Amino acid sequence: MNTLTGAWDWLTDPAHWSGDDGVWNRLAQHLVLTVVCLVISCLIALPVALVLGHLGKGGALAVNISNIGRAVPTFAVLVLLLLTPLGKWGEGPTVVALVLFAVPPLLTNAYVGMREVDRSVVRAARGMGMTGRQMLFHVELPLALPMVMNGVRIAAVQLVATATIAALAGGGGLGRIITAGFNLASTPQVVAGAMLVAVFALIVEGIFEIAERLAPRWARGVR
């Protein structure tokens, strides 16, 4: 209880929320890193998953290859990247490591969503004379959208939780609060930093839940 009380005291101290090392600045850094990595991951994974899901070829292989990244700890990938020339590019290694971590759920969910689209609907669209492009964007993608967005939600929450490793490479984010607590042998600060990351992840999860509830019925897969 003393540790939790100390963590609460740390969080409620206004001095810890302002300045370059303050919570607000670290939170902004964490948010930017998460958004950048999520956007890059989506640009890489979603086009591949949608095209392969539409064609029905090579998707299983692509998903299996991307899932290999789940077997390798993100921290280990970050350390290896720091030993390469990429390690001189600021937060480059962190971004690459996090993107590799976020691609599997995006690719898997989007591909599965495309393949689970009712084939009779696809055949009907083809019978109406729709081109492959029209079927992809006007039939298959809208029906697969709930699974696609589920992958985006999973990737976003995982990135928020994992972006703390940026601090280990000298980057910013909420992880700096945790590493500073370790350096100062301040357990309350370490716990406070972990609580901030957990709350941030829950907020991101909540935003996706609210967005899903407010989305049109077709976007939620409801007919």
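These legends describe close-up views of a predicted model. Local features need pLDDT of at least 70 and side-chain atom pairs count only at pLDDT 80 or more, while totals for chains, interfaces and linings use all residues. Residues are numbered from 1 along each chain as its sequence is written, and side-chain values use heavy atoms, with hydrogens and water left out.

**View 1. Helix α5, residues 92–115.** Helices are DSSP runs of H or I with at least four residues, numbered from the N terminus. The end C-alpha atoms of α5 are 34 Å apart, which agrees with the 34 Å expected for 24 residues at 1.5 Å a residue, the expected span being 1.5 Å times one less than the number of residues. Of these 24 residues, 19 are buried, meaning under 20% relative accessible area with a 1.4 Å probe and protein chains only.

**View 2. Surroundings of Thr-94 in helix α5.** Thr-94 is buried, with a relative accessible area of 0%. Leaving aside neighbours within four places in sequence, Thr-94 is in contact (heavy atoms within 4.5 Å) with Leu-33, Leu-78, Ala-166 and Ala-169.

**View 3. The salt bridge between Arg-153 and Glu-205.** The closest N and O atoms of this pair are 2.9 Å apart, where a salt bridge requires a side-chain nitrogen of Lys or Arg within 4 Å of a carboxyl oxygen of Asp or Glu. The pair links distant parts of the chain, since Arg-153 lies in helix α7 and Glu-205 in helix α9, 52 residues apart. Arg-153 is buried at 18% relative accessible area, whereas Glu-205, at 22%, counts as partly exposed (from 20% to 50%).

Notes:
Helix = DSSP H or I, 4+ residues; strand = E, 2+ residues; numbered from the N terminus.
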